[in-house]
Amino acid sequence: MHLEDKSYLMRLGPQTYIDARDHRATLARYINDCRAPALYNVRFDKLPDEGRAFVVSTRAICDGEELFVDYGRWYWALSEPRRI
């Protein structure tokens, strides 16, 4: 699969992906990866046969708290460093 921007792409299973790039109403697209496993507070339950995934909390989450999930090792391994 060749996409210019894979920032919002989630692999559900073999050759099964969802891309939330153009779907701003999909709130899961705003969940971040902080690279600190102790801070993860949600996980994705992927359902490739249904073409979707659920966001599941792994602990109590306070109002206004940012959500963090592990994007997986390949998400960052394939990206090029950028200076900000």
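1. Cys62 counts as exposed in this predicted model, with a relative accessibility of 56%. The other cysteine to consider here, Cys34, counts as partly exposed at 24% relative accessibility. The structure holds zero disulfides, a term that in general refers to a covalent bond between the sulfur atoms of two cysteines.

2. On overall architecture, the chain contains one helix and four strands, and, read from the N terminus, these elements follow the order β-β-β-β-α. Buried residues account for 15% of the 84 residues in the chain. About 7000 Å² of the chain is exposed, and carbon and sulfur atoms supply 52% of that area. Of the contacts between residues at least 6 apart in sequence, 47% join residues that are at least 24 apart.

3. Strand 1, which covers residues 9-13, has four of its five residues buried, and it is therefore largely enclosed by the rest of the structure. Strand 1 pairs with strand 2 in the antiparallel sense, over four bridges. Within this pairing, Arg11 has Tyr17 of strand 2 as its bridge partner.

4. The turn that joins these two strands deserves a separate look. Strand 1 and strand 2 form a hairpin with two residues between them, and in that turn Gln15 has a positive phi of about 55 degrees. Gln15, placed in the loop between strand 1 and strand 2, is exposed, its relative accessible area being 72%. Although Gln15 and Pro48 are separated by 33 residues in sequence, their C-alpha atoms are 9.4 Å apart in space.

5. Turning to charged side chains, the count of salt bridges comes to five. One of them joins the side chains of Arg35 and Asp70, with an N to O distance of 3.5 Å. Arg35 lies in the loop between strand 2 (16-19) and strand 3 (42-47), whereas Asp70 lies in the loop between strand 4 (52-57) and helix 1 (73-77), so this pair ties together parts of the chain that are 35 residues apart in sequence. Both partners are partly exposed, Arg35 with a relative accessible area of 46% and Asp70 with one of 43%.

6. The pair just described belongs to a wider arrangement, in which Asp33, Arg35 and Asp70 are linked in a network of salt bridges. Asp33 is found in the loop between strand 2 and strand 3. With a relative accessible area of 10%, Asp33 is buried, whereas Arg35 is partly exposed at 46% and Asp70 is partly exposed at 43%.

7. Which residues does Asp33 touch, not counting residues up to four places away in sequence? They are Tyr40, Phe68, Val69, Asp70, Tyr71, Gly72 and Trp76. With one of these residues, Tyr40, the side chain of Asp33 makes a polar contact through the partner's side chain, at 3.3 Å. A polar atom of the Asp33 side chain also lies 2.8 Å from the backbone nitrogen of Arg35. For a reader inspecting the model, Asp33 thus combines a place in the salt-bridge network with a buried position, since its relative accessible area of 10% falls under the 20% limit.

8. Another salt bridge joins the side chains of Arg43 and Asp45, at 3.0 Å from N to O. Arg43 is partly exposed, with a relative accessible area of 39%, and Asp45 is likewise partly exposed, with a relative accessible area of 29%.

9. A further salt bridge is formed by Arg59 with Glu65, and here the closest N and O atoms are 2.4 Å apart. How accessible is each partner, Arg59 and Glu65? Arg59 is partly exposed, with a relative accessible area of 37%, and Glu65 counts as partly exposed at 27% relative accessibility.

Note on methods: Residues numbered from 1 in each chain as written. Predicted model: local features only at pLDDT ≥ 70, side-chain atom pairs only at ≥ 80, totals over all residues. Heavy atoms only, no water. Salt bridge = Lys/Arg side-chain N within 4 Å of Asp/Glu carboxyl O. Buried < 20%, exposed > 50% of the residue type's maximum accessible area, 1.4 Å probe, protein only. Polar contact = N/O pair within 3.5 Å; in protein donor to acceptor, adjacent residues only side chain to side chain. Contact = heavy atoms within 4.5 Å. Disulfide = S-S within 2.5 Å. Pairing = 2+ DSSP bridges. Areas by Shrake-Rupley, 256 points an atom, 1.4 Å probe, with all protein chains shown as cover.
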